[in-house]
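Colleague: Please choose one part of this model and take me through it slowly, from its own residues out to whatever surrounds it. I would like to follow each step of the reasoning against the view on my screen.

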Amino acid sequence: MSKLNFGRDDLMAIAAFRYCLGRMTYIVSDCADWLIEQWENLSPSARSIIKRDLEEAFAQDDEDRANGNKYKNLGHDCDRQQWERVRRLV
């Protein structure tokens, strides 16, 4: 199977993930579905970047929730649940 092209060094995959991270719309579940589907097609370096960014977002979201902040880094509970699906994969 040939490797899919997600831009130079999978830059477009990383950019799409970063755009979706923290959103509070349908795009979160669509991005989570896409990442889960394409995970094995991403380069190890792209997977590492996504994993790092996701863990940082969860740490900030945990802090936001602990402090009772209105704004939460991962969005609403339903958005966080979608990112949990990706987190279990990575």
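Modeller: Contact, in what follows, means that heavy atoms lie within 4.5 Å of each other, and the coordinates in front of you are those of a predicted model rather than an experimental one. The part I would choose is helix H4, which runs over residues 77-89. Its 13 residues reach 19 Å from the first C-alpha to the last, close to the 18 Å expected at 1.5 Å a residue.

Along H4, the residues that count as buried are Asp79, Arg80, Gln82, Trp83 and Val86. These residues cover an arc of only 155 degrees around the axis, and this is what puts them on the same side of H4. If you turn the helix to look at the face directed away from that buried side, you will find the exposed residues Gln81 and Arg88 there. What, then, do the buried residues of H4 pack against? Their partners are helix H1 (11-20), helix H2 (26-38) and helix H3 (44-66).

Of these partners, H2 deserves the longer look. The axes of H2 and H4 come within 9 Å and cross at roughly 10 degrees. Angles under 35 degrees count as roughly parallel, and H2 and H4 are therefore described as roughly parallel to each other. On the H2 side, the contact is made by Val28, Ser29, Cys31, Ala32, Asp33, Leu35 and Ile36, while H4 brings Asp79, Gln82, Trp83, Arg85, Val86 and Leu89.

H2 itself has 13 residues and a span of 19 Å from its first C-alpha to its last, again close to the 18 Å expected at 1.5 Å a residue. Buried in H2 are Val28, Cys31, Ala32, Leu35 and Gln38. Their directions cover an arc of only 145 degrees around the axis, which places them on the same side of H2. Tyr26 and Glu37, on the other side of H2, are exposed. The cover over the buried residues of H2 includes H4, together with H1 and H3.

H1 can be read in a similar manner, with Ala13, Ile14, Phe17 and Cys20 as buried residues. Seen down the axis of H1, these fall within an arc of 130 degrees, so they line one face of the helix. That buried set packs against H2, H3 and H4. After H1 comes glycine 22, whose phi is positive, near 95 degrees, and glycine 22 is also among the residues touched by tryptophan 83.

Tryptophan 83 is a good residue on which to centre the view of H4. Leaving aside residues up to four places away in sequence, tryptophan 83 touches Phe17, Cys20, Leu21, Gly22, Val28, Cys31, Leu35, Leu54, Phe58 and Leu74. Trp83 also belongs to the largest nonpolar core, a set of 20 residues in which those with the most contacts are Phe17, Leu21, Leu35, Leu42, Ile50, Leu54 and Trp83. H1, H2, H3 and H4 are the elements that give two or more residues to this core, and H3 gives the most, with 5 residues.

On the way from H3 into H4, the chain passes through a loop that holds tyrosine 71. Is tyrosine 71 buried, exposed or partly exposed? Its relative accessible area is 49%, and because exposed means over 50% and buried under 20%, tyrosine 71 is partly exposed. Tyrosine 71 and lysine 3 are 68 residues apart in sequence, and their C-alpha atoms are 38 Å apart in space.

Lysine 3 is in turn one of the residues touched by aspartate 10, along with Asn41, Leu42, Ser43 and Ala46, when residues up to four places away in sequence are not counted. Aspartate 10 lies in the segment before H1 and, at 3% relative accessibility, counts as buried.

Technical notes:
Residues numbered from 1 in each chain as written. Predicted model: local features only at pLDDT ≥ 70, side-chain atom pairs only at ≥ 80, totals over all residues. Heavy atoms only, no water. Helix = DSSP H or I, 4+ residues; strand = E, 2+ residues; numbered from the N terminus. Expected span 1.5 Å × (residues − 1). Buried < 20%, exposed > 50% of the residue type's maximum accessible area, 1.4 Å probe, protein only. Arc of directions from axis to C-beta. Core = buried A, V, L, I, M, F, W, Y, C linked by side-chain atoms within 4.5 Å. Axes fitted to C-alpha atoms, helices over the stretch in contact; angles between N-to-C directions. Parallel < 35°, antiparallel > 145°, perpendicular 65-115°, else oblique.
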